[in-house]
Amino acid sequence: MKDLTVIVDQTVALPDAPYQARHFIDGSFVDSADGRRSDRISPSHGVLASQAALGTEVETEAAIRAARTAFDDGRWSGLTGKERAQVLNRVADLIEANEERLAVIETLESGKPISQSRGECGGAADLWRYAASLARTSSGDSHNALGEDILGVVIKEPIGVVSIITPWNFPFWILSQKLPFALAAGCTCVVKPSEVTPSTTAMLAEFLLDAGLPDGVCNIVLGFGNPVGSLMSTHKDVDMVSFTGSTAVGKHITNAAGDTLKKVALELGGKNPQVIFPDADLENAADAVTFGIYFNVGQCCNSSSRIIVHEDIVDSFVDRVVELSRQVAFGNPMHPDTQVGAIVTPQHQAKIDGYVQDAKAEGATISLGGGALEVPGVGSQFYQPTVVRDVTSDMAIVREEVFGPVLVVQTFRTMDEAIALTNDSDYGLSAGIWSDNVHTCLEFSRRAQAGTIWTNTWMDGFPELAFGGVKQSGQGREIGQYGYDEFLEVKSLVMRIGQTRAPWVKPLAGRETS
Ligand code: NAD
């Protein structure tokens, strides 16, 4: 398509051979008992990126058994926080030392640009180091005002065996938002990456082994949601499921886990708005909107897939966003200047286009894009930067997660209208406000229904700040102290000091026991 910035050439070489990913169970790399494997063809270039063992109930059972045994015998939970932290810090060092290896396979399997894979994989080391610091903070409360002869103590213990199920859009980052925190807390784990992007998770097993994590503490099973993820969500020996993925599968897991009443933590989808008031730094806001919709090809739970713009500025603001969209470098993910890469699968590309074509048929206007993008020499599994106007609140493109580089524009006149549009969603992951007036920002922040509110910025994140959603965007929190606490169970100790307990049984005078 004309007037877009498209990068065709590449500077990062493709690997000589596909990555061979195997399960990691009880400290050993193993193939599936039935020998089955799956092939992952890269979204760009169309090459065989990896071959991964395809797990069944056999491998999943073995992994859960190993994690259960490792938890129950205390080989990990019995270590001091300091000892656990040392292992996690060593993993962080190994992640950094292997950043390029991780990044190349992450880009090949997911289609995201190499610069973002480097940021995601190398940057994840910081999550491991932060989690390591939390391993030494498992403190509780003491209650010293319950009476002279009572001391109450609330302690925290690791919850037990945790199933970790992750999606394809940030395979290594999301794994690192969960696994080091669970390990820091003293839990043991069974991990299943998406079948589409198994390799960086499988590669992590090498680092766990080299860092000295005891056998059985982290087990990785590769394969499909059914049967691997299903068994991980229903098995009686699993105490908690930590899931990131679609709202539909999150609901399914919640129901499936109900039979054994295990704890379920969910990080699900979003339809996240940025609200633009006229007094904002509009140039900065337009840039953040452009970043918010094209980062990770819009395949991002935090994608700001809708903007709610004040009517007085909507035309000029959208014109600027369209202008910036043309300057964003789409194309070959193996070039470091590329900012937007390929769509993860052909099926997903068709789904994205379906939303755009349906909206068009229902009367929406396409201000930019609206179709596939051919990148010469790399393929056509790309989608143009797309801006959609004249939408109504009932359109699927406004209500549902498109998960692509597709921005929809809504408008408002008053704060009440902006809040009503923001909250008119089944989702509640994140929301943003752009204004130079602190009162406007604070009022919006308090009234918007979302787990994260960004004011005059978008998608800044820190390991210290809890992340998660409200409504159908999920339950529970990840990262930060709150995320760490999700992997801990609370136990109350009630201790009497001295022999002061009054007897409950009081023999009645004149009655004999028979
Ligand atoms: P998905 O729900 O299709 O799959 C996620 C994982 O669940 C995969 O590993 C998959 O194999 C597994 N799975 C599928 N069926 C299962 C079942 N019946 N039982 C157990 N596991 C099963 O999601 P996806 O397409 O991989 O990822 C995209 C979705 O993830 C989007 O909706 C996005 O918003 C969401 N997401 C949310 C966050 C967040 O933090 N809130 C972050 C990233 C992605």
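This is a short talk on the domains, cores, salt bridges and backbone oddities of one protein chain.

Hi everyone, thanks for having me. Please keep in mind throughout that this is a predicted model.

Let me start with the overall layout. The chain is split into two domains: domain 1 covers 15-268 plus 473-493, and domain 2 covers 273-455. Their C-alpha centres are 31 Å apart. What happens where they meet? On the domain 1 side, 23 residues are in contact with 27 residues of domain 2. Together the two domains bury about 2,000 Å², and 61% of that is on carbon and sulfur atoms. Three residues deserve a mention here: His-45, Trp-168 and Ser-473 supply 26% of the area that domain 1 buries against domain 2, more than any other three residues.

If you like electrostatics, how many salt bridges cross the interface of domain 1 and domain 2? The rule finds 0. For polar contacts across that interface, though, there are 11 residue pairs, both partners at pLDDT 80 or more. On the domain 1 side, the elements giving two or more residues to the surface that touches domain 2 are helix H3 (99-110) and helix H4.

Next, the cores. In soluble globular proteins, nonpolar side chains tend to be buried together. Here the largest nonpolar core has 59 residues, and the members touching the most others are Ile-95, Trp-128, Leu-179, Leu-183 and Leu-204. Helix H4 turns up again: spanning residues 114-134, this helix gives the most to the core, with 9 residues. Let's zoom in on Ile-95. Beyond its sequence neighbours within four places, Ile-95 is in contact with Leu-102, Cys-121, Ala-125, Trp-128, Phe-172, Leu-204 and Phe-207. Apart from this core lies another one, with 53 residues, including Ile-174, Ala-280, Ile-293 and Ile-307.

Ile-293 leads us nicely to Ser-304, since Ser-304 touches Ile-293 along with Asn-272, Gln-274, Val-289, Gly-292, Leu-407 and Trp-458, leaving out residues up to four places away in sequence. Ser-304 is in the loop between helix H9 (282-294) and strand E15 (306-310). Is this serine buried or exposed? With a relative accessible area of 0%, Ser-304 is buried. Its side chain makes a polar contact of 3.0 Å with the side chain of Gln-274.

Domain 1 comes in two segments, so let me show you a place where residues distant in sequence come together in space. Leu-266 and Arg-477 are 211 residues apart in sequence, yet 8.2 Å apart C-alpha to C-alpha. Leu-266 is in strand E13 (residues 263-267), and at 5% relative accessible area this leucine is buried. Its contacts, other than neighbours within four places, are Phe-243, Gly-250, Thr-254, Ser-473, Gly-474 and Gln-475.

On to charges. The whole structure has 25 salt bridges. One of them pairs Arg-129 with Asp-93, with the closest N and O atoms 2.7 Å apart. Because Arg-129 is in helix H4 and Asp-93 is in helix H2 (residues 81-97), this pair ties together parts 36 residues apart in sequence. Both partners are partly exposed: Arg-129 at 28% relative accessibility and Asp-93 at 43%. Lys-112 and Glu-120 form another salt bridge, at 2.5 Å from N to O, and both of these residues are buried. Then there is Lys-236 with Asp-237, at 3.4 Å; Lys-236 is exposed at 64%, while Asp-237 is partly exposed at 22%. Finally, Arg-22, Asp-31 and Arg-37 are linked in a salt-bridge network.

Last topic: backbone geometry. Most residues other than glycine have a negative phi, and most peptide bonds are trans. Which peptide bond here is cis? The one from Asn-226 to Pro-227, with omega near 20°. Pro-227 is in helix H7 (residues 225-234).

Two non-glycine residues also have positive phi. Asp-26, at about 55°, is in the loop between strand E3 (23-25) and strand E4 (28-30). Lys-471, at about 50°, is in strand E25 (residues 470-471). Asp-26 is partly exposed at 39% relative accessibility, and so is Lys-471 at 36%.

That's my tour, and I'm happy to go back to any of these places on screen.

Technical notes
Residues are numbered from 1 along each chain as its sequence is written. This is a predicted model: local features need pLDDT of at least 70, side-chain atom pairs count only at pLDDT 80 or more; totals for chains, interfaces and linings use all residues. Side-chain values use heavy atoms; hydrogens and water are left out. A nonpolar core is a set of buried Ala, Val, Leu, Ile, Met, Phe, Trp, Tyr and Cys residues joined through side-chain atoms within 4.5 Å. Buried means under 20% relative accessible area, exposed over 50%, partly exposed in between (1.4 Å probe, protein chains only). Helices (H or I, at least four residues) and strands (E, at least two) are DSSP runs, numbered from the N terminus. Contact means heavy atoms within 4.5 Å. Domain bounds come from an automatic or database domain assignment. Buried area is the accessible area (1.4 Å probe) that two parts lose on being put together, summed over both. A salt bridge is a side-chain nitrogen of Lys or Arg within 4 Å of a carboxyl oxygen of Asp or Glu. A polar contact is a pair of N or O atoms within 3.5 Å; within protein, one must be able to donate a hydrogen and the other to accept it, and residues adjacent in sequence count only if both atoms are side-chain atoms.
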